[in-house]
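User: Please take a close look at the aromatic side chains of the model shown below, and then place them in their surroundings.

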Amino acid sequence: QVQLVESGGGLVQAGGSLRLSCAASGRTFSSFTMGWLRQAPGKEREFVAATSWRDGSTYYADSVKGRFTISRDNAKNSVYLQMNSLKPEDTAVYYCAAEQFRTAQGMAVTRNEHGYWGQGTQVTVSS
């Protein structure tokens, strides 16, 4: 059974940093593009960032480009999201996502429609 487990969320002041982690289990994820999506109250789930299974290339939403960095460690079946210069509008539940053979840019389009999800971790940025 595939499981994605997020950690690292919390409360931070605007301008601060957080690092999210996602540990995957149940199968080998080297053929999976892994990423992060988020959902704020009253809004649709939106793409944040992804890293490709093929070459580790990355793709970001414009709203987080230059502030967030996604990385992965295939040996640990893990993906990370370093979030710097956080803003109140970054407040949301952040979900780890994994979809096989999808490109990183493709995950931004499909929003992990056919992939696996974690349970989510809350990130709250106070002003």
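Which residues form one aromatic cluster?

Analyst: The aromatic cluster is formed by Phe29, Phe32 and Tyr116. This is a predicted model, in which local features need pLDDT of at least 70 and side-chain atom pairs count only at pLDDT 80 or more, while totals for chains, interfaces and linings use all residues. Residues are numbered from 1 along each chain as its sequence is written, and side-chain values use heavy atoms, with hydrogens and water left out.

Rings of Phe, Tyr and Trp (its six-membered ring) count as a pair if their centres lie within 6.5 Å; planes under 30 degrees apart are stacked, over 60 edge-to-face, and the rest tilted. By this rule there are five aromatic pairs. One of them joins Phe29 and Phe32, a tilted pair with 4.7 Å between centres and 45 degrees between planes. Both Phe29 and Phe32 are buried, that is, under 20% relative accessible area, where exposed means over 50% and partly exposed in between (1.4 Å probe, protein chains only).

A further tilted pair is Phe47 with Tyr59, at 6.0 Å centre to centre and 40 degrees between the planes. Phe47 belongs to strand β5 and Tyr59 to strand β6 (residues 58–60), so this pair ties together parts 12 residues apart in sequence. Strands (E, at least two residues) and helices (H or I, at least four) are DSSP runs numbered from the N terminus. Phe47 is buried at a relative accessible area of 9%, whereas Tyr59, at 30%, is partly exposed.

Other rings meet a positive charge, a contact that requires NZ of Lys or CZ of Arg within 6 Å of the ring centre and within 35 degrees of the ring normal. The charged end of Arg19 sits over Tyr80, 4.3 Å from the ring centre, and Arg45 lies over the face of Trp117 at 4.5 Å.

Aromatic residues also enter the largest nonpolar core, a set of buried Ala, Val, Leu, Ile, Met, Phe, Trp, Tyr and Cys residues joined through side-chain atoms within 4.5 Å. This core has 34 residues, and those with the most contacts inside it are Met34, Trp36, Leu81, Met83 and Tyr94. Elements giving two or more residues to it include β4 (32–39), β5 (46–51), β8 (78–83) and β9 (92–100). The largest share, five residues, comes from β9. Beyond its neighbours within four places in sequence, Tyr94 is in contact (heavy atoms within 4.5 Å) with residues including Trp36, Phe68, Leu81 and Met83.
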